[in-house]
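Let us walk through this structure step by step. Keep the sequence and the 3D view side by side as you read.

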Amino acid sequence: MKILRTVAELRQWSREERNDGGNTIGLVPTMGALHAGHASLIRAACASVGYVAVSIFVNPTQFGPNEDYARYPRTFEADCALAKAEGADVVFAPPVEELYPDGAATFVEVEGLSQRLDGASRPGHFRGVATVVAKLLIASEADRAFFGQKDAAQVAVLRRMVADLRLAAEIVVCPIVREPDGLALSSRNLYLSQTERTQALALSRAVRQVEALVAGGERRAEALVAAARQTISAEPDVRVDYTELVNWATLEPVEIAAPGSLFAVAAWVGATRLIDNTVLA
Ligand code: AMP
């Protein structure tokens, strides 16, 4: 497995491996601190395309001024070992100046969608995400890019971006990987104390409850959202950021659940903000 540091190297690798169109290239964008959720994306990529690049880049522009950019976990050696074990051909780990050269002034803004869900509580977050993913897709010339449903609002923003910019890459969405007790895997779970780790189960509990209510015939967003909020509030140290039932493409709230509606939740467990969701059957 190669480790590449510059856009020029990544583009050259992609073009060589593509071999006059005979091979397909996959990209798995990550911020590192890789876990079994990331591993599932790399495996899905390896099963679907000829050559796979995993990018590891803690993207400064998607963090707000009071967020965890500086202390975000950085575990590069272990990440490379995981990427290699899962079959990645390349790890692309550029320094910040490579993706944001001195004086960089170009950003991708997906209007509307970027202000909803996580975008409402994290102003500028999706602008940073869209910008870095556009840069990575352009640099890698990937045919397919693999993302987790865990970040469901991000998926909606990126689908819109790819459609609007007429980018060549196809977006592939992979299921949420969970711990045996239901907690969705996240690099930020590393921040949780043992007590917080238990409290954090309120999110997946709320998601499962919504699934059960829908299976039992409840369709009203108001009832589903209220039930989820109540479940989360039962953990006194967990603070809800949002619980919403939305159209997954537009992220606009819906009043009645339909197949494909997204139920999403974000909550603070101590100083750590976690998210979870389900796409209704
Ligand atoms: P991150 O490193 O947090 O930016 O995540 C990189 C990619 O991994 C994103 O597409 C995430 O949605 C995906 N991902 C993160 N956690 C999980 C999970 N538990 N299951 C599946 N995919 C995940």
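**Salt bridges, domains and a ligand**

The structure holds 15 salt bridges. Keep in mind that this is a predicted model. One of the salt bridges joins the side chains of E86 and R43, with 3.1 Å from N to O. Find both residues in the chain. E86 sits in the loop between α3 (76-85) and β4 (90-92). R43 belongs to helix α2, residues 36-48. The two are 43 residues apart, so this pair links distant parts of the chain.

Now step back to the whole chain. The domain assignment divides the protein chain into domain 1 (2-174) and domain 2 (187-275). Measure between their centres, using C-alpha atoms, and you get 26 Å. The two domains touch. Domain 1 brings 24 residues to the contact, and domain 2 brings 18 residues.

How can we put a number on such a contact? The size of an interface is often given as the accessible area lost when the parts come together. Here, the area buried between domain 1 and domain 2 is about 1800 Å². Carbon and sulfur atoms give 55% of that area. On the domain 1 side, look for R71, R116 and L117. These residues supply 30% of the area that domain 1 buries against domain 2, more than any other three residues.

What else joins the two domains? Three salt bridges are found across the interface of domain 1 and domain 2. Another salt bridge to look up is the one between D118 and R273, whose closest N and O atoms are 2.9 Å apart. Polar contacts appear too: 11 residue pairs across the interface of domain 1 and domain 2.

Which helices each supply at least two residues of the side of domain 1 that touches domain 2? They are α5 (118-121) and α7 (152-164). The largest share, five residues, comes from α7. What kinds of residues make up this side of domain 1? There are 11 nonpolar, five polar and eight charged residues.

Turn last to the ligand. It has 17 residues around it. Which of them come nearest? They are H38, G148, D151, V177 and L185. Backbone atoms take part in the surroundings of the ligand, as three cases show. A polar backbone atom of M31 is 2.9 Å from an oxygen atom of the ligand. In V177, a backbone N or O atom lies 2.8 Å from a nitrogen atom of the ligand. For L185, a backbone N or O atom lies 2.9 Å from a nitrogen atom of the ligand.

Definitions and conventions. Residues numbered from 1 in each chain as written. Predicted model: local features only at pLDDT ≥ 70, side-chain atom pairs only at ≥ 80, totals over all residues. Heavy atoms only, no water. Domains from an automatic or database assignment. Contact = heavy atoms within 4.5 Å. Buried area = accessible area lost by both parts, 1.4 Å probe. Salt bridge = Lys/Arg side-chain N within 4 Å of Asp/Glu carboxyl O. Polar contact = N/O pair within 3.5 Å; in protein donor to acceptor, adjacent residues only side chain to side chain. Helix = DSSP H or I, 4+ residues; strand = E, 2+ residues; numbered from the N terminus. Nonpolar A, V, L, I, M, F, W, Y, C, P; charged D, E, K, R; others polar. Near = heavy atom within 4 Å.
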